[in-house]
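Work through the exercises below with the sequence and the model open beside you. Each task sentence is followed by a solution in steps.

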Amino acid sequence: MGNGIAHIFAQYGFPVYLVDLHPEQLEKALLTISKNLDRQVQKGILSQDEKINALNHIHPVHNIKEGVRGADLIIEAATENENIKLQIFRELDEFALPAAILASNTSSISITRIAAVTKRPSQVIGMHFMNPVPLMKLVEVINGFSTAGFVTEKIVELSKQLGKIPCIVNDYPGFISNRILMPMINEAIISLQEGVASAEAIDTVMKLGMAHPMGPLELADFIGLDVCLAILKVLQEGFGNPKYAPATLLVNMVAAGNLGVKSGEGFYNYRNGRKP
Ligand SMILES: NC(=O)c1ccc[n+]([C@@H]2O[C@H](COP(=O)([O-])OP(=O)(O)OC[C@H]3O[C@@H](n4cnc5c(N)ncnc54)[C@H](O)[C@@H]3O)[C@@H](O)[C@H]2O)c1
């Protein structure tokens, strides 16, 4: 998600400092961005010069302090784990400009709890991009309990400048997108686990019967099964309702390292990152 967010901001002329703990992730991100920009050039969306210009706007950086010190907006898109995000926001609060807005791309974790570890909770907001970022139009803008109105307005305006369509929602577990999507994905996994139908049949029913562009199991592979599991746990804990309990099959697959497209194997096998 981080590479997609960097891509779209750079494409629209914003200077971007891209930070990751792991240097190999930064290298991978730059390769992915370059490949995805090539695709836009092939489709006639961008010229070759615009591609080069976009790439020149992205500066990979290895430490947070250096990456954020001059930024007006910081978008965190690290692993979907509350403790990791809280620690990152403590550091962002310490190193970022006092007027900077701190946003999270979290799929489900409470913006209010994230904001509460900073000294600027009114400047903390959710800016939830969809995967793949350069293609998907929606930005779910999540107001935390303390988010100031002018911050929401700025993020809405900025989303429009990036060619996106923002939707404002309040801070409840899973917001709107994953509160509705994840129970559907979980039910598809439970159906597979119970032997109701094969993975292909489940996905075909939802594609042809409900006009979904992707079946729920293929979509789960694309999102990352570890991310799906983390979101379901947030829903289960946040609502205290057993209906969100993750399927045992999902728990086992994540424990086995079958994470979907990113690990090469999930509900389907992937060669070169694509479903054969
Ligand atoms: N995968 C999706 O389809 C999707 C869609 C929308 C939102 N999201 C959200 O975006 C975020 C990232 O998801 P992803 O699928 O890209 O995850 P990912 O696991 O593929 O990538 C997370 C990245 O964060 C880095 N990281 C971890 N701890 C860090 C730290 N302390 N400082 C700097 N970098 C750190 C990791 O090295 C890794 O490169 C999550 O909050 C997720 O819920 C994911």
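**Exercise 1.** Find how far a polar side-chain atom of Asp20 lies from an oxygen atom of the ligand, and then look for other contacts of this kind.

*Solution.* In this predicted model, where local features need pLDDT of at least 70, side-chain atom pairs count only at pLDDT 80 or more, while totals for chains, interfaces and linings use all residues. Residues are numbered from 1 along each chain as its sequence is written, and side-chain values use heavy atoms, with hydrogens and water left out.

Step 1: a polar atom in the side chain of Asp20 is 2.6 Å from a ligand oxygen, which fits a polar contact (a pair of N or O atoms within 3.5 Å).
Step 2: an N or O atom in the Glu80 side chain also lies 2.6 Å from an oxygen atom of the ligand, and for Asn131 the corresponding distance is 3.0 Å.
Step 3: there are 21 residues around the ligand, and those that come nearest are Asp20, Gln25, Glu80, Lys85 and Ser107; a residue belongs to this group if one of its heavy atoms lies within 4 Å.

**Exercise 2.** Describe how helix α8 (residues 177-193) packs with helix α12 (residues 248-255).

*Solution.* Step 1: the two axes, which are lines fitted to C-alpha atoms over the stretch in contact, come within 8 Å and cross at roughly 90°.
Step 2: α8 is therefore roughly perpendicular to α12, a term that covers angles of 65 to 115 degrees.
Step 3: Ile189, Leu192 and Gln193 of α8 make the contact with Thr248, Leu249 and Leu250 of α12, contact meaning heavy atoms within 4.5 Å.

Technical notes:
A polar contact is a pair of N or O atoms within 3.5 Å; within protein, one must be able to donate a hydrogen and the other to accept it, and residues adjacent in sequence count only if both atoms are side-chain atoms. Axes are lines fitted to C-alpha atoms, for helices over the stretch in contact, and angles run from 0 to 180 degrees between N-to-C directions. Helices (H or I, at least four residues) and strands (E, at least two) are DSSP runs, numbered from the N terminus. Angles under 35 degrees count as roughly parallel, over 145 as roughly antiparallel, 65 to 115 as roughly perpendicular and the rest as oblique.
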